[in-house]
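Let's take a walk through this one together, starting with a term we'll need and then moving from the overall fold to a few individual residues. Have the structure open and ready to turn.

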Amino acid sequence: MPDLLTTAALAVLVVSFGVGIVVGLTGMGGGALMTPALIFLGVNPTAAVANDLVSASITKSVGAGVHWRRGSPNLRLAGLLIVGSVPFAFAGAFIIDHVGAGEAQEEFVKHAIGVALLFTALTYTLRMYLQLRLVTSGNEAPREEIVLKPIPTLLVGMIGGLLVGVTSVGSGSLIMVALLLLYPTLSAVKLVGTDLVQAVPLVLAAAIGHVLVSGVDWEVLIPLVIGGIPGTFLGARLAHWVSQSVIRRGIVIVLSLTGLKLLGVSPEAVGLIGAGLLLLGPLLWGFVRQTRGLPAFDNNSGAWRVSNSRRTPE
């Protein structure tokens with residue numbers, strides 16, 4: 001029976017609750033936040049990836065079920081992504097296992113997560129810009145079905161699956177941005193629903209691979225689930241009360257600095273870069289917004305206009 005009353009287990013519970021709130025607020029993939037948080041709490045990188053994937057396979061199923069009942073996902077598109085992603089996600093743990101043993105393996109995973117976080121920060125910034133561009137282009141959500149692009153979609157699934165299988169990062173960021181680029185007329189609700197539905201078998205396949213190779217640590221996994229589910233629920237309830245754009249820009253900064261730290265950049269350099277991002281980032285984003293004819297610091301501009309004039313948060 002795992003001991004859940006240790007300081008380490010309670011720390012995991014508190015952090016997973018906090019990460020769950022951010023996920024509920026923004027829809028941001030939890031792996032990009034939770035896996036490095038576990039590493040900083042002292043969990044070794046391979047165990048952090050494995051336990052986060054198992055936890056995510058549970059929590060993502062809840063969100064996907066809601067979207068499935070509402071009929072929002074594009075199931076044909078999700079099916080193509082699943083075909084491409086599942087085999088590569090399952091192979092992730094076996095790739096890690098063949099890299100080496102002990103410290104070499106942990107360093108490989110830590111550096112891979114660092115690169116994935118920087119890539120995620122970049123793609124997340126691109127996602128915000130693409131949504132911003134749609135705001136200013138008379139973007140009524142289309143009623144017709146999108147035309148599928150099988151080969152590019154399969155490639156997106158393969159790359160996303162490999163990234164998730166090795167690092168647990170990418171199911172809610174990289175694939176979402178790729179879908180925006182491939183299918184710019186896909187409505188916001190279908191985009192989120194499709195991404196959630198394809199993410200369930202993707203994360204589950206990656207989790208199974210890691211369980212077969214390295215197993216799970218129940219003293220980490222149980223607090224992850226216990227803290228993450230209510231945190232995500234609370235975040236979703238608070239989403240209408242909090243500035244989405246400010247939080248999401250903050251997440252980009254956190255991901256960038258965390259990625260640099262995991263790649264071994266000195267604390268002094270990370271601090272200077274963080275200060276620069278905090279001071280100059282909002283000014284640069286405000287300038288970009290103004291070039292699109294929008295107010296520099298409007299908090300919640302949407303990507304798609306719908307018939308009742310409600311907008312999806314930026």
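One bit of vocabulary before we set off: a residue is called buried when its relative accessible area is under 20%, exposed when it is over 50%, and partly exposed in between. With that in hand, take M158: its relative accessibility is 30%, so M158 counts as partly exposed. Keep in mind throughout that you're looking at a predicted model.

Now zoom out. The chain has 11 helices and 0 strands, so if you like DSSP runs, reading along the sequence gives you α-α-α-α-α-α-α-α-α-α-α. Of the 314 residues, 50% count as buried. Look at contacts between residues at least 6 apart in sequence, and 82% of them join residues at least 24 apart. As for the outside, the accessible surface comes to about 14600 Å², with 70% of that belonging to carbon and sulfur atoms.

What sits inside? The largest nonpolar core has 66 residues, and L38, L77 and Y183 are the ones with the most contacts within it. Helix 5 supplies the largest share of this core, 10 residues. In soluble globular proteins, nonpolar side chains tend to be buried together. Pick out L77 and look around it: setting aside neighbours within four places in sequence, L77 is in contact with I146, L148, T153, L179, Y183, L186 and T194. Y183 turns up in that list, and it is also among the residues with the most contacts inside the core.

Not every nonpolar side chain is tucked away, though. Which residues make the nonpolar surface patch? They are F88, I95, V99, F108, I151, L155, M158, I159 and L162, and together they cover about 740 Å². Two elements give two or more residues to the patch: helix 4, spanning 75–99, and helix 6, spanning 150–167. Helix 6 gives the most, with 5 residues. Our friend M158 from the start lies in helix 6.

Carry on past the end of helix 6 and you come to S168, in the loop that leads to helix 7 (174–182). Check its backbone: phi is near 70 degrees, a positive value in a residue other than glycine. Most residues other than glycine have a negative phi. Is S168 buried or exposed? With a relative accessible area of 5%, S168 is buried.

Next, swing over to T46 in helix 3, which covers residues 45–70. T46 has 13% relative accessibility, so it counts as buried. Leaving out residues up to four places away in sequence, T46 touches I96, Q105, E106 and V109. With V109 the sequence gap is 63 residues, yet the two C-alpha atoms are separated by 6.6 Å. The side chain of T46 also makes polar contacts: one of 2.8 Å with the side chain of N44, and another of 3.1 Å with the side chain of E106. E106 therefore appears both as a touching residue and as a polar partner of T46, given that a polar contact is a pair of N or O atoms within 3.5 Å.

Last stop: H111, which you'll find in helix 5 (residues 103–135). H111 is at 33% relative accessibility, so it counts as partly exposed. Again not counting residues up to four places away, H111 touches L262 and L263. The C-alpha atoms of H111 and L262 are separated by 6.1 Å, although these residues are 151 apart along the chain.

Terms used
Residues are numbered from 1 along each chain as its sequence is written. This is a predicted model: local features need pLDDT of at least 70, side-chain atom pairs count only at pLDDT 80 or more; totals for chains, interfaces and linings use all residues. Side-chain values use heavy atoms; hydrogens and water are left out. Patches are made of residues with over 30% relative accessible area and no salt bridge: like charges are joined within 9 Å, nonpolar side chains (Val, Leu, Ile, Met, Phe, Trp, Tyr) within 5 Å. Accessible areas come from the Shrake-Rupley method with a 1.4 Å probe; for residues, only the protein chains shown count as cover. A salt bridge is a side-chain nitrogen of Lys or Arg within 4 Å of a carboxyl oxygen of Asp or Glu. Helices (H or I, at least four residues) and strands (E, at least two) are DSSP runs, numbered from the N terminus. Buried means under 20% relative accessible area, exposed over 50%, partly exposed in between (1.4 Å probe, protein chains only). Contact means heavy atoms within 4.5 Å. A polar contact is a pair of N or O atoms within 3.5 Å; within protein, one must be able to donate a hydrogen and the other to accept it, and residues adjacent in sequence count only if both atoms are side-chain atoms. A nonpolar core is a set of buried Ala, Val, Leu, Ile, Met, Phe, Trp, Tyr and Cys residues joined through side-chain atoms within 4.5 Å.
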